[in-house]
Amino acid sequence: MISDQLIADLKSIVGEKGVIANPDELVVYETDGLSLFKHKPDLVVFPNSTEDVSRIVQKARQARIPIVPRGAGTGLSGGALPEKGGLVIATTKMNQILEIDLRNRCALVEAGVVNIHITNAVKKAGFHFAPDPSSQPVSTIGGNVAENAGGPHTLKYGVTTNHILGLEMVLGDGSVVWLGGKTQESPGYDLRGLAIGNEGTFGIVTKVWVRLTKLPQSYRTMRVAFSSVDDAAKTVSDIIASGIVPAAAEFVDFVALDALRAAFHLQIPPHTRALLVIELDGLEVSLDRQAEEVRRICERNNAIEVLLAKNEKERTALWFARKRAFGALGRLTPSYITQDGMVPRTKLPQMMNFIYQTAEKYGLRIANIFHAGDGNLHPCILFDERKEDEVRRALEASTDIIRKCVEMGGSVTGEHGVGLEKREFMPFMFSEEAMNVMKKIKQVFDPDNVWNPGKIFPPNDSHRPEITGKRKPAPM
Ligand SMILES: Cc1cc2nc3c(=O)[nH]c(=O)nc-3n(C[C@H](O)[C@H](O)[C@H](O)COP(=O)(O)OP(=O)(O)OC[C@H]3O[C@@H](n4cnc5c(N)ncnc54)[C@H](O)[C@@H]3O)c2cc1C
């Protein structure tokens, strides 16, 4: 229950405009990128600093309400939704790049800084922030840290955790801790690593030391068309088996291509069933030889067209199909679930067959646009949210696909996190003992389970941490 006193207290910290309590305005915060689940918060508050966050958390703690961190709300697993109501702390006003230290190749940023803004700030000096989720023009660094986000170029460069040196976090009693720091190594347990991917269940990240990476000297970007999904999928593992690690190897299948044709009149050979966008980067001197080898591997796998960009304009054009594919799906469907699973990349051909069989079984279309180099699948299950039976079939198809990913030695999520959407799938992958270890770790950071309750652990799990009300709040 939200009291007028709590609203007044929060306004005294962040100002009148820094608190949303009006139910009509709160509707904006009842969903995220997933859109299937809706949970309206009781309050949303917009702090300007770590000090604000600490004071807000103390007030929420006194009121004994759940607290849910939120960045840009692009998450695709329902992580930022307050299933149990309570307070959402949105970091969007904490958007300052506080320090850029090129000599040490790092920068200190607030949690609400948008991913691409870091690269924009340093690219003239020849650097970038390597993790590049496709949401990078919008998603925040705090959200990227919380989800351990990946992206097209994480095949070569690694995911978010490989680019975070340290983070500042506000815990449930309002205390502020630094995990890791500016230097690469810190002694003791790797708490920084432990906290990355916690999905807002430990506390709220307020500042981050990010690693800056030199921009590659040169690129070779290829777009390759195949008349068979199997051939395209096999090409990806053949390239990596040859010893070449592309910066990116991205996959767009025939369903997504239908959408791209409808939306943008995409010009591709008529019988194309799959496109690969393959990008090599590194020293100019090494790239022609690698590109030639990649071309040979594609041709051995029956490629019907291999295009190589000759300049930056052509590079952008070849990426177009991949970058616009998710948006184009709107031409085929009112709604879709972007699933996120992982398989060893050699299993891609089998997994793709299984996905198409699943589509047939449930009478649905499934488009596939994904990071093939990592084996990180994104089957987009197309359905109409207004038709109850289609929603049911879409959810059942999702479950079958994720279960199969695990059976093939993969994972229930590649990069979108567990949130609300995947929590039932966790026992597919983890034993009870392993889940208990996770719960104990959560309790160490958040003994009263005030942070993002209900996420990650299955809802029917009797051991799932809940706000019990048994513990006394620590003195403020
Ligand atoms: C079109 C599109 C493309 C996408 N492409 C990719 C992709 O290529 N790779 C990828 O990994 N993801 C992708 N995503 C998913 C999403 O963008 C990422 O998970 C991103 O990291 C979420 O950031 P956000 O700021 O929007 O976080 P939100 O959606 O606001 O929150 C996500 C989770 O992080 C927690 N959180 C947010 N901020 C904080 C904080 N400061 N402290 C603690 N916890 C916090 C929330 O509680 C929630 O659990 C995509 C999404 C869309 C819509």
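# Helix pairs, two sheets and a ligand shell

Helix α8 (residues 229–241) and helix α10 (residues 284–300) have axes that come within 9 Å and cross at roughly 145°. The crossing of α8 past α10 is right-handed. From α8, the contact uses T235, D238 and I239. From α10, it uses V294, I297 and C298. By class, that contact holds 4 nonpolar, 1 polar and 1 charged residues. Keep in mind throughout that this is a predicted model.

A second helix pair lies further along the chain. Helix α12 spans residues 348–362, and helix α13 spans residues 388–407. Their axes come within 10 Å and cross at roughly 155°. How do the two directions relate? An angle over 145 degrees counts as roughly antiparallel, and α12 and α13 are therefore roughly antiparallel to each other. Here too α12 passes α13 in a right-handed crossing. On the α12 side, M351, F354, I355, T358 and Y362 make the contact. They meet R393, E396, A397, D400, I401, K404 and C405 of α13. The contact of α12 with α13 divides into 7 nonpolar, 1 polar and 4 charged residues.

The next pair is α9 and α11. Helix α9 (residues 254–264) and helix α11 (residues 312–328) have axes that come within 9 Å and cross at roughly 90°. That makes α9 roughly perpendicular to α11. A256, A259, L260, A263 and F264 come from α9. Opposite them, α11 supplies A321, R324, A325 and A328. What classes of residue make up the contact of α9 with α11? There are 8 nonpolar residues, no polar ones and 1 charged.

Now turn to the sheets. Strands of a sheet pair through backbone hydrogen bonds, either parallel or antiparallel. One open sheet has 5 strands in the order β5-β6-β10-β8-β9, with antiparallel pairing. Its edge strands are β5 (97–101) and β9 (176–180), and each pairs on one side only. From one strand to the next, the twist averages 15°.

Start at the β5 end. Strand β6 covers residues 106–110 and pairs with β5 in the antiparallel sense over 4 bridges. D101 stands opposite C106 in β6. Then go to the β9 end. There, β8 and β9 pair in the antiparallel sense over 5 bridges. E168 stands opposite W178 in β9. The hairpin of β8 and β9 has 5 residues between the strands. In this hairpin, G174 takes a positive phi near 90°.

Two helices pack against these strands. Helix α4 (residues 115–122) lies across β5, β6 and β10. Its direction runs at about 45° to β5. Helix α3 (residues 50–63) touches β8 (164–170), β9 and β10. The direction of α3 makes about 45° with that of β8.

There is also an open sheet of 4 strands. Its order is β1-β2-β4-β3, and the pairing is mixed. β1 (19–20) and β3 stand at the edges, each with a single partner strand, so one side of each is left without a neighbour in the sheet. Strand β2 (residues 43–45) and strand β4 (residues 87–90) pair in the parallel sense over 3 bridges. L43 stands opposite L87 in β4. Helix α3 packs on this sheet, touching β2, β3 and β4. Its direction makes about 175° with that of β4. Helix α3 thus appears twice in the tour: it packs on the sheet that holds β8, and it packs on the sheet that holds β4.

The ligand comes last. How many residues surround the ligand? The shell has 37 residues, and the closest are G71, G79, G142, G143 and G200. The elements that give two or more residues to this shell are β3 (67–70), α5 (141–147) and β10 (204–211). Helix α5 gives the largest share, 5 residues. Both sheets appear on that list: β3 is an edge strand of the sheet with mixed pairing, while β10 sits between β6 and β8 in the antiparallel one. By class, the shell divides into 12 nonpolar, 20 polar and 5 charged residues.

Methods: Residues numbered from 1 in each chain as written. Predicted model: local features only at pLDDT ≥ 70, side-chain atom pairs only at ≥ 80, totals over all residues. Near = placed C-beta within 6 Å. Nonpolar A, V, L, I, M, F, W, Y, C, P; charged D, E, K, R; others polar. Axes fitted to C-alpha atoms, helices over the stretch in contact; angles between N-to-C directions. Left-handed = near helix turned anticlockwise from the far one by under 90°. Contact = placed C-beta atoms within 7 Å. Pairing = 2+ DSSP bridges. Parallel < 35°, antiparallel > 145°, perpendicular 65-115°, else oblique.
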